[in-house]
Amino acid sequence: MISFSVMALVFGVVFLAELPDKTALAGLVLGTRYRASYVFVGVAAAFAVHVVLAVAAGSVLTLLPQQIVHAVTGVLFLGGAAVLLMKKDGDEDEVRKPANQSFWKVSGAGFMLILVAEFGDLTQIMTANLAARYDDPLSVGLGAVLGLWAVAGLGIVGGKALMKRVPLSLITKVAAVLMTGLGVWSLYEAVAG
């Protein structure tokens, strides 16, 4: 069964954490140069691969005693919040332009860019933590992939308009506060459990 509350929580946390990330900006750049649907297919496929890997890693963590899992995920959430708060604006990688605009070239460029840039990224680590925390791989996986796809879609289609209306620093702070809350709650459960 899918837990909609877990899925919604994961969606929100991953969405907010990914929004200020360099891959959202890369999607924006690709979306301004190429057909948006081609870019989205490649980016979405890469995010799906990352979520499957993260959920699998998180599911392995559920084999450990619950207090250890809560303590580890609590520390990792707090570390993730610190990373978000210390992130410098303007950290943006240059995106190389494919030689032509065919579906395979454009979607392949988007796939490879995200596959490499997101490996071991904060949202992938968060997804593994959430999978371990909730022991509900399907709900966590769906929430994470939908959150990542939503950010990709916003970045590709309308990222500039959103960034003009909502300051990136505010989005980053909201994501950090959510992660801090999850970290404190996990540590509390580790101590109280």
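User: In this predicted model, is Leu76 buried, partly exposed or exposed?

Analyst: A residue counts as buried under 20% relative accessible area and as exposed over 50%, with partly exposed in between. Leu76 has a relative accessible area of 38%, so Leu76 is partly exposed. Leu76 belongs to helix 4.

User: Which residues make the nonpolar surface patch?

Analyst: Residues enter a patch when they have over 30% relative accessible area and no salt bridge. Here Leu64, Ile68, Val72, Leu76 and Ile125 form a nonpolar surface patch of about 380 Å². Helix 4, which spans residues 66–86, gives the most to this patch, with three residues.

User: Which side chains meet in a salt bridge?

Analyst: The idea is to look for a side-chain nitrogen of Lys or Arg within 4 Å of a carboxyl oxygen of Asp or Glu. Glu189 and Arg133 form such a pair, at 2.8 Å from N to O. Glu189 is in helix 8 (residues 168–192) and Arg133 is in helix 6 (residues 122–134), so the salt bridge ties together parts that are 56 residues apart in sequence. Glu189 is partly exposed, at 22% relative accessibility, whereas Arg133 is buried, with a relative accessible area of 11%. The count by this rule is one salt bridge.

User: At what angle do helix 1 and helix 6 pack?

Analyst: Angles over 145 degrees count as roughly antiparallel. Helix 1 (residues 4–18) packs with helix 6 at an angle of about 160°, and their axes are 10 Å apart. The two helices, helix 1 and helix 6, are therefore roughly antiparallel to each other. The crossing in which helix 1 passes helix 6 is right-handed.

Notes. Residues numbered from 1 in each chain as written. Predicted model: local features only at pLDDT ≥ 70, side-chain atom pairs only at ≥ 80, totals over all residues. Heavy atoms only, no water. Patch = residues over 30% accessible without salt bridge, like charges linked within 9 Å, V, L, I, M, F, W, Y side chains within 5 Å. Areas by Shrake-Rupley, 256 points an atom, 1.4 Å probe, with all protein chains shown as cover. Helix = DSSP H or I, 4+ residues; strand = E, 2+ residues; numbered from the N terminus. Buried < 20%, exposed > 50% of the residue type's maximum accessible area, 1.4 Å probe, protein only. Axes fitted to C-alpha atoms, helices over the stretch in contact; angles between N-to-C directions. Parallel < 35°, antiparallel > 145°, perpendicular 65-115°, else oblique. Left-handed = near helix turned anticlockwise from the far one by under 90°.
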